[in-house]
Amino acid sequence: EENEQHAHGAECYLAQEGFACGLEESAGHAHGETCYAKELTCGKAEHAHTDICYIDTAADVEDQASWNQQYDSLAWTGAWGADLVMAARPQIGYQGSVNNYTVAENGNHKGYTRYGQFAGELYADWDAAFVNFCMHYAGLEASGLFPKTTDSAAWQEAFANLRAGNADYLTGAAGYGPQAGDLVFFRREGEETAVQMGIVSSYNEAAGRVSVIEGNSQNAVRENEYEAGDSRITGYLKISGLEAAY
């Protein structure tokens, strides 16, 4: 097939035995371009290229050993909130693949990420997968309290329905001073997914501003800053409170 390595050219065509004109070459007839019948001999079909033609499924693929190495030198504190932030910080700057992707129904490219691979869904929406990845390395996964899903809306709902009394740990933004390691949920209309989540890295009480490390923020892991009561924030999950209860 025609692709980046092969475009049909003159060498792909072969004149069949005899001539399409049916005439013998003579003094009254010299064979020209119209006398030859051409057929493809490369055996490859010509087609118009789409985005799917350029996917490189081997690009940017990683293994767990390379992830483990990122944490080899860290000294964990044993405190859930601090360790979750510690697990998130080395990920800042990571970007989803632009060469290894799948094409969604709306035409958007959904790139490979290490977090999707960790979750078993290579091309998943990956803000929740990023949080679960960090929880694994920070040691919170072993508690069994946190759901494993790449859907942030399902993640929030699943936790809220785990057991009675969760209202003590899942709180609205109004009047709450977030702590490092809290999880924060956002509602963002018109984006790839409406419900998204991240990890609080710090809170400036005097300024009323919170810093959040988020996966899939413009296709990268970024540390973004918000007003603590930003209208897009639908809730905070109190990780330190959960740790104390656990």
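**Exercise 1. Strands 7 and 8**

Determine in which sense strand 7 and strand 8 pair, and over how many bridges.

Solution. Step one is to locate the strands in this predicted model: strand 7 covers residues 195-204 and strand 8 covers residues 209-214. Step two is the pairing itself, which is antiparallel and runs over five bridges. As an example of a bridged pair, V200 has V212 in strand 8 as its partner.

**Exercise 2. The sheet and the helices on it**

Give the strand order of the open sheet of six strands, and name its edge strands.

Solution. The order is 5-10-6-7-8-9, with antiparallel pairing. The edges are strand 5 (170-171) and strand 9 (222-227), each of which pairs on one side only. Helix 2 (residues 80-88) packs on this sheet and touches strand 6 (183-187), strand 7 and strand 8. The direction of helix 2 makes about 110° with that of strand 7. Helix 4 (residues 127-138) also packs on the sheet, touching strand 6, strand 7 and strand 8. For helix 4, the angle with the direction of strand 7 is about 55°.

**Exercise 3. Strand 6**

Find the strands that pair with strand 6, and the bridge partners of L183 in them.

Solution. On one hand, strand 6 is joined to strand 7 by five bridges, and the two run antiparallel. The partner of L183 in strand 7 is I199. On the other hand, strand 6 pairs with strand 10 (residues 233-237) over four bridges, again antiparallel. Here the partner of L183 is L237. As for covering, four of the five residues of strand 6 are buried.

**Exercise 4. R187**

Decide whether R187 is buried, partly exposed or exposed, and list its contacts beyond its neighbours within four places in sequence.

Solution. R187 is found in strand 6. Its relative accessible area is 41%. Because partly exposed covers the range between under 20% and over 50%, R187 is partly exposed. Leaving aside neighbours within four places in sequence, R187 is in contact with A194, V195, R232 and T234. The C-alpha atoms of R187 and I233 are separated by 6.4 Å, although the two are 46 residues apart along the chain.

**Exercise 5. The nonpolar cores**

State how many residues the largest nonpolar core has, and which element gives the largest share.

Solution. The largest core has 34 residues, and F146 and L183 have the most contacts inside it. Two or more residues each come from helix 2, helix 4, strand 6, strand 7 and helix 6 (239-245). The largest share, nine residues, is that of helix 4. Beyond four places in sequence, F146 is in contact with W80, M135, L140, W155, L237, I239 and L242. A second, separate core has eleven residues, among them V184, F186, V210 and Y226.

**Exercise 6. Positive phi**

Compare Q218 and N219 in phi and in exposure.

Solution. Most residues other than glycine have a negative phi. Q218 has a positive phi of about 55°, and N219 has one of about 65°. Q218 lies in the loop between strand 8 and strand 9, as does N219. With 68% relative accessibility, Q218 is exposed, whereas N219, at 28%, is partly exposed.

**Exercise 7. Confidence**

Name the elements with the lowest and the highest confidence.

Solution. The mean pLDDT of the chain is 84, and 80% of its residues reach 70 or more. Confidence is lowest in strand 1 (residues 13-15), with a mean of 53, and highest in helix 2, at 97.

Methods:
Residues numbered from 1 in each chain as written. Predicted model: local features only at pLDDT ≥ 70, side-chain atom pairs only at ≥ 80, totals over all residues. Heavy atoms only, no water. Pairing = 2+ DSSP bridges. Contact = heavy atoms within 4.5 Å. Axes fitted to C-alpha atoms, helices over the stretch in contact; angles between N-to-C directions. Core = buried A, V, L, I, M, F, W, Y, C linked by side-chain atoms within 4.5 Å. Buried < 20%, exposed > 50% of the residue type's maximum accessible area, 1.4 Å probe, protein only. pLDDT = per-residue confidence, 0-100.
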